[in-house]
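Me: I am new to this structure. Please take a close look at a single part of it, and keep it brisk.

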Amino acid sequence: MAESQRKPVVINDTGASTTEVVAAVLSVAWMAAVGLFFLLMPPARPEGGADSLRIVLILMAIFLPVAMIWVAAVASRTTRIMREESQRLQAAIDGLRQSYVADRSQGGASVPTVEKKLNEIAQAARKTESTLATFASSREAAQTKPAVQPLHQKPPEDQPTLALGTSAEEIGPPLSRIDFVRALNFPDNEQDMQGFGALRRALKDRTARQLVQASQDVLTLLSQDGIYMDDLRPDRARPEIWRRFAKGERGRTMASLGGVRDRSSLALTAGRMREDTIFRDSAHHFLRLFDKTLLAFEPDASDEDLIALSETRTARAFMLLGRVTGAFD
């Protein structure tokens, strides 16, 4: 508590310090003493060539002590300024340390922006879960463009159906690739109705729901360390690289998928992977689901679909975690 009450040190260097006042007084006293000495000293007899040496010695006797006094005063002033600057820097470091510790100890007291947004998304999804099946069956067929291919194909006709009835996933239309990509990016804000609609439809698709929930967990954990996907600007990989990765190719040629270059985010994520078991398990689970979903998404996806997928927040998290874990090596 003593450190938390420490006030910042303010360097006030506008006036003369005590050392400089003492140096000025000593200089004036010395000059007065020397002047009095030469005033009372009897005149010396001229001796020709000795006059120049005598003048040099007199000047040294007058000005050398004054110069030494002011050298000591300047050194004392420099030492004082450096000591005050060190105290100010230490106070600033203590304040930053206490702020960091307070933020970590509060935990859920101040919810990060991304985590708050994801919580709002989850609440909105739960509110609409009870009415989603009937709403989708009556309106989605008219709103979905025919050119958009579904992410999951319907089962073949010879596959037997269960006698216990059909699920909500079978009643509703298949999830389109546009909605799938939009759901993986999550809504931008509370006014993003298209994003919330795509997210609700994705949560009704079993495979998409698993990836969305895993992505939400990972983004929430990353936000606790101040890592937000909107702040990352990864290098864009060509669609054919994504296709080759989906088909199982690994090695140095896949390194472009790990296009995240932010060193602080990479270092914080690597440290969290080493120290936090929950984060490590969530990250590996997310990477497996993304890899599995990409395998099903790639065959029918166009290059534009793959580019749109790579620009989502979920794909950026995949690039970040994949590079940290060496998934692209």
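At roughly what angle do the axes of H9 and H11 cross, and within how many Å do they come?

Reply: The axes of H9 and H11 cross at roughly 105° and come within 9 Å (lines fitted to C-alpha atoms over the stretch in contact, angles from 0 to 180 degrees between N-to-C directions). That makes H9 roughly perpendicular to H11 (65 to 115 degrees). The model is predicted: local features need pLDDT of at least 70, side-chain atom pairs need 80 or more, and totals for chains, interfaces and linings use all residues. Residues are numbered from 1 along each chain, and side-chain values use heavy atoms, without hydrogens or water.

Start with the helices (DSSP runs of H or I, at least four residues, numbered from the N terminus). H9 covers residues 239–246. H11 covers 277–297. Where they meet (heavy atoms within 4.5 Å), H9 brings Trp242, Phe245 and Ala246, and H11 brings Phe290, Asp291, Leu294 and Leu295. By class, this contact has 6 nonpolar residues, 1 charged and no polar (Gly counts as polar).

Look at the rings of Trp242 and Phe290. Their centres lie 6.5 Å apart, and their planes stand at 55°, so the pair is tilted (centres within 6.5 Å; neither under 30 degrees, stacked, nor over 60, edge-to-face). Trp242 sits in H9 and Phe290 in H11, 48 residues apart, so this pair links distant parts of the chain. The whole structure has 8 aromatic pairs.

H9 has another partner, H12, which covers residues 303–310. The axes of H9 and H12 come within 9 Å and cross at roughly 85°. H9 is thus roughly perpendicular to H12. From H9, Pro239, Trp242 and Arg243 take part; from H12, Asp303, Leu306, Ile307 and Ser310. This contact has 4 nonpolar, 1 polar and 2 charged residues. Trp242 appears in the H12 contact and in the H11 contact.

Phe290 also lines a cavity (1 Å grid; a 1.4 Å probe fits but cannot get out; lining atoms within 4 Å of a point). The structure holds 2 cavities of 30 Å³ or more. This one is the second largest, with about 40 Å³ of space (filled by probe spheres). Phe180, Leu184, Leu211, Thr293, Leu294, Phe297 and Leu309 line this cavity too. H11 gives the most to the lining, 4 residues. H6 (177–185) and H11 each give two or more. The lining has 7 nonpolar residues, 1 polar and no charged. Leu294 belongs to this lining and to the contact of H11 with H9.

Definitions and conventions
On a 1 Å grid over the protein atoms alone, a cavity is a set of points where a 1.4 Å probe fits but cannot get out, and a pocket is an open set with protein on both sides within 12 Å along at least five of seven lines; lining residues have an atom within 4 Å of a point. Angles under 35 degrees count as roughly parallel, over 145 as roughly antiparallel, 65 to 115 as roughly perpendicular and the rest as oblique. Rings of Phe, Tyr and Trp (its six-membered ring) pair if their centres lie within 6.5 Å; planes under 30 degrees apart count as stacked, over 60 as edge-to-face and the rest as tilted.
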